[in-house]
Amino acid sequence: MWLTNSSLGRKVVMSVTGLFLILFVTFHVLMNVVALISGDAYNAVCEFLGANWYALVGTAVLAAGFVVHIIYAFWLSLLNRKARGNDRYAVTARPKSVEWASQNMLVLGIIVVAFMIVHFVQFWAKMQLVEVMSHYGCNSTCGAELYAANGMYHIQNAFSQVWTLPVYIVGLIALWFHMTHGFWSAFQSIGVSNNKWIPRFKTIGNWWATIAVGLFIIEAVVFTIMFA
């Protein structure tokens, strides 16, 4: 199959799933803005996105895109290492045209994945997952299902811990580098490679990532101040 057997096909899969995940990051940061404005409104959104069929379908699609993106990232990195062979051990200066993020996308991706695991444990595992398990008759301890849709409760629990803020900042900085390079690189992989549009996509990606990550960091700092 072209999407798996060719280098271009694999890059297209990486690009499409990457752009999809960027859209999710955008939705997620806007959802968190609601929490800064009104805790009740945020809880209403959390309840809407609970164990409902449409939310579960969206979660499944998102999870599939996330897993595919990770698998293809490791796959492409392995193929690139094999293609370079012994050349990768040569000490050479990095060309000015090659961005630092481009040289370290796999490492940045690993940091982002580790950060996402922490985030999932703090929120998704205690919210939507609890609701789903409850529907199947799996009663959680301490009445956790009572707080499954209470997003503000879990925000308070997460950001009242002193280690949460520094972990989030490190993860978000890695996400910024990953997004700024991945945004324009995705368009290049799907066929936009002229000197007119790539600089534009680089500018758009830089602004998009900066605004999204900046809002995430502001939210994390405010929540820490509120609940520490």
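**Surface.** I started with the outside of this predicted model. The accessible surface of the protein comes to about 13400 Å², and carbon and sulfur atoms hold 70% of that area. I then asked which residues make a nonpolar patch on the surface. I found Phe20, Phe48, Trp53, Tyr54, Val57 and Val61, which together form a patch of about 630 Å². Helix H4, residues 53-84, gives the most to this patch, with four residues.

**Trp53.** I looked up this residue by itself, since Trp53 lies in helix H4 and belongs to the patch. Is Trp53 buried or exposed? Its relative accessibility is 66%, and Trp53 counts as exposed because the cut-off for that is over 50%.

**Fold.** Next I noted the secondary structure: 10 helices and zero strands. Of the 228 residues in the protein, 36% are buried. I also checked contacts with a separation of 6 or more, and 77% of them join residues 24 or more positions apart.

**Core.** Then I turned to the inside. The largest nonpolar core has 38 residues, and the ones with the most contacts inside it are Tyr42, Phe123, Ile155, Phe159 and Leu175. Helices H2, H3, H6, H8, H9 and H10 each supply at least two residues of this core. Which helix gives the largest share? I found that H9 does, with 10 residues.

**Phe123.** Last, I picked one core residue to follow. Leaving aside neighbours within four places in sequence, I listed the contacts of Phe123 as His154, Ile155, Ala158, Phe159 and Tyr168. Ile155 and Phe159 are also among the core residues with the most contacts.

Definitions and conventions:
Residues are numbered from 1 along each chain as its sequence is written. This is a predicted model: local features need pLDDT of at least 70, side-chain atom pairs count only at pLDDT 80 or more; totals for chains, interfaces and linings use all residues. Side-chain values use heavy atoms; hydrogens and water are left out. Buried means under 20% relative accessible area, exposed over 50%, partly exposed in between (1.4 Å probe, protein chains only). Contact means heavy atoms within 4.5 Å. Accessible areas come from the Shrake-Rupley method with a 1.4 Å probe; for residues, only the protein chains shown count as cover. Patches are made of residues with over 30% relative accessible area and no salt bridge: like charges are joined within 9 Å, nonpolar side chains (Val, Leu, Ile, Met, Phe, Trp, Tyr) within 5 Å. A salt bridge is a side-chain nitrogen of Lys or Arg within 4 Å of a carboxyl oxygen of Asp or Glu. A nonpolar core is a set of buried Ala, Val, Leu, Ile, Met, Phe, Trp, Tyr and Cys residues joined through side-chain atoms within 4.5 Å.
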